[in-house]
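Me: Please take a close look at one part of this model for me. I would like the strand pairing followed step by step, with the setting around it.

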Amino acid sequence: MYWIIEKGHYIDSLESLFATTVLNEQPGIQRALVGMATGPAKLILKDVGLVNEELLACSDADYVIVAEADSQEAFEAAVDEMRRVMKQNNAVEAEESYATVAEAVAAHPKANLCSIAVPGEYALEEVKKALNAGLHCCVFSNNVPLEDERQMKELAREKGLLCMGPDCGVANINGAALVLSSINARGPFGIVGASGTGIQHVAAILHEAGSGVSQTIGTGGNDLKEPVGGLMMLCGIDALEADPETKYIILISRKPAESVLQKVLDRVSRCKKPRVVLFMGCERARIEATGTIWAENLDDCGQKALELIGKSAEFETEAQLDAMAAEAVKGMAPEQKYVRGAFSGGTYMDEAVHAMEAVIGPIYANNPNASPLQLPDLNKSIENTCIDYGEEEFTQGRPHPAIDAGVRKPAILREAADPEVAVILLDFILTPPGHPDPAGYVLDDVRRAQKMARQRGGRIAFVASVLGTTADFQNIDDQRRKLMETGVLVCSTNYKAAQLAAKIIRLKKEIG
Amino acid sequence: MDCSKILELFQSELVVVNVGPKSFANALIRQGYQAVQVDWTPVAGGDKEAQALIELLGM
């Protein structure tokens, strides 16, 4: 065991998780942990057997790097590489930092928005401070009690300020991608949405077609539930209707609670700007009765918005998908018959499961909202299976897979080791704080998986989609190209990728 | 609802106060926006933070 202690060097929890991931991936390292020597960190060190008296004697203010390694040289080389990657990742640093919001605002009187990502139980307190300081809020914190959420949003309304979230993962304000958004071109469409992935998806379709967004306002996933009453959705519609840069309004949510739905539809019917509404699972006639364009799903929502400006998105046609499927099944072994989906986005897993089960029947999943068939053991997929790696059981001790691509990585080789697997379905999500190269990160595993299948006399079809834009640092075109060059079948959207995966499975069943 | 403050935001230069992981502030700076960091710690102090933040990032 090798270790380094640096007294008085501070890194935040996200940085330590990232550093741990990087160090664990270095050659010659069996297991490693990097971070502040807090009580919980010492417990983890004890659990994994990486502990000694000197480390236990460290305090909360001490930074430690601990690893089981092949040799001192291997450890030192690995730490050097970790520091290099960390430095690169932190290339631009916030120069100043303050102890409180009040101090930050006093030093920066032009501050106008507060991005809040503190544990849910502390969120109300921080949001109140920010709103009282006159700042609009974007609140990423989740697990916030609905009563707290209502209080935040009522206070925001009283003050005429935005309160996006809690549980707001995506918002673009004045062109800035906040939290986990993609970077989008500016354009005439204003979006208010309760689904982060939903907003990001539709905005990306607009971007790809050469248009863009004026503002995108995330409400958080609970806004349209009864106790919150759609406060932010209603505020967002008011704001976008009043905003001269917004020519068209797009609303996205799962089906709102009945009383909230009625309230929102009443407001929508009075809206003077053209609008497209996607409330998943809501009757088409009710939406259309408000003089609004109804959208069936995320792709349709993007397409119908583009029709308003005489443009259209290019998605694969059925014939194109059929042709891709016919090509994909060539060389597969007779026993290959199942699809395994490994997702970093929950919304995308739901969408894929619903798209595929219509064609190939029931699918096992790790989220009861997606499928009634629950996977009993998350490390052992059964027949057709989809797993959302953003679910709690995978993210304990790690950030969400949109930030930490390592959460989902082991799935590729594990699924490929099953000779009955024909298709592995993946999503990739781009965002400024995310992995700098999420596609590149898994390519070695994809190649190894393809080789394993070949050695068994078969062939695995990898099917993927990338959510993001050409303006994202990772550039969606580069990400798609890397995947395609490695033989991955890349579709324009997650829905199309799921359709292709299902077509391959159905075709394989037909030909045996 | 009176949207004047929201419209003012839409027409102003964005200056973000970031309360949470520094990587969110850095992501904004890399995009060319102004962001200032608040090094938040829970009032209760210490131990709960790491676990709770991890929970938060589990979304």
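Reply: Two strands count as paired if DSSP finds at least two bridges between them. Keep that cut-off in mind for what follows. The model is predicted.

Start at the chain boundary. Strand 4 of chain A covers residues 97–98. Its partner is strand 2 of chain B, residues 34–38. The two run parallel and share two bridges. The cut-off is at least two bridges, so this counts as a pair. In one of the bridges, A:Tyr98 is matched with B:Val38.

That pairing has a wider contact around it. Chain A puts 67 residues into the contact, and chain B puts in 49. On the chain A side, 33 of the residues are nonpolar, 23 are polar and eleven are charged.

Now step back to chain A. It holds 19 helices and 20 strands. Its radius of gyration is 24 Å, close to the 24 Å from the globule rule for 512 residues, so chain A is as compact as a globular protein of that length. Its C-alpha atoms fill a box of roughly 70 × 70 × 40 Å along the principal axes. Of its 512 residues, 53% are buried. Among contacts in chain A with a separation of 6 or more, 68% join residues 24 or more positions apart.

The domain assignment splits chain A into domain 1 (2–89), domain 2 (101–307) and domain 3 (318–511). The C-alpha centres of domain 1 and domain 2 of chain A are 39 Å apart.

Next, pairing inside chain A. Take strand 2 of chain A, residues 29–36. Six of its eight residues are buried, so this strand is largely enclosed by the rest of the structure. Strand 2 of chain A pairs with strand 3 of chain A (residues 62–69), antiparallel, over seven bridges. One bridge links A:Ala32 to A:Ala67.

Strand 10 of chain A, residues 186–193, also has six of eight residues buried, so it too is largely enclosed by the rest of the structure. It has two parallel pairings to follow. With strand 11 of chain A (residues 213–218), strand 10 shares five bridges. A:Phe189 is bridged to A:Val213 there. Helix 8 of chain A (residues 196–208) joins these two strands in a right-handed β-α-β unit. With strand 12 of chain A (residues 248–254), strand 10 again shares five bridges. In that pairing, A:Ile191 is bridged to A:Ile250.

Key
Residues are numbered from 1 along each chain as its sequence is written. Chains are lettered from A and ligands numbered from 1 in the order in which they are written. This is a predicted model: local features need pLDDT of at least 70, side-chain atom pairs count only at pLDDT 80 or more; totals for chains, interfaces and linings use all residues. Two residues are in contact if their C-beta atoms, placed from the backbone, lie within 7 Å. Ala, Val, Leu, Ile, Met, Phe, Trp, Tyr, Cys and Pro count as nonpolar, Asp, Glu, Lys and Arg as charged, and the others, Gly among them, as polar. Helices (H or I, at least four residues) and strands (E, at least two) are DSSP runs, numbered from the N terminus. The radius of gyration is taken over C-alpha atoms; the globule rule is 2.2 Å times the number of residues to the power 0.38. A residue is buried if 20 or more other C-beta atoms lie within 10 Å of its own, exposed if 12 or fewer, and partly exposed in between; C-beta atoms are placed from the backbone. Domain bounds come from an automatic or database domain assignment. A crossover is right-handed if, with the strands pointing away from the viewer, the path from the first strand over the helix to the second runs clockwise.
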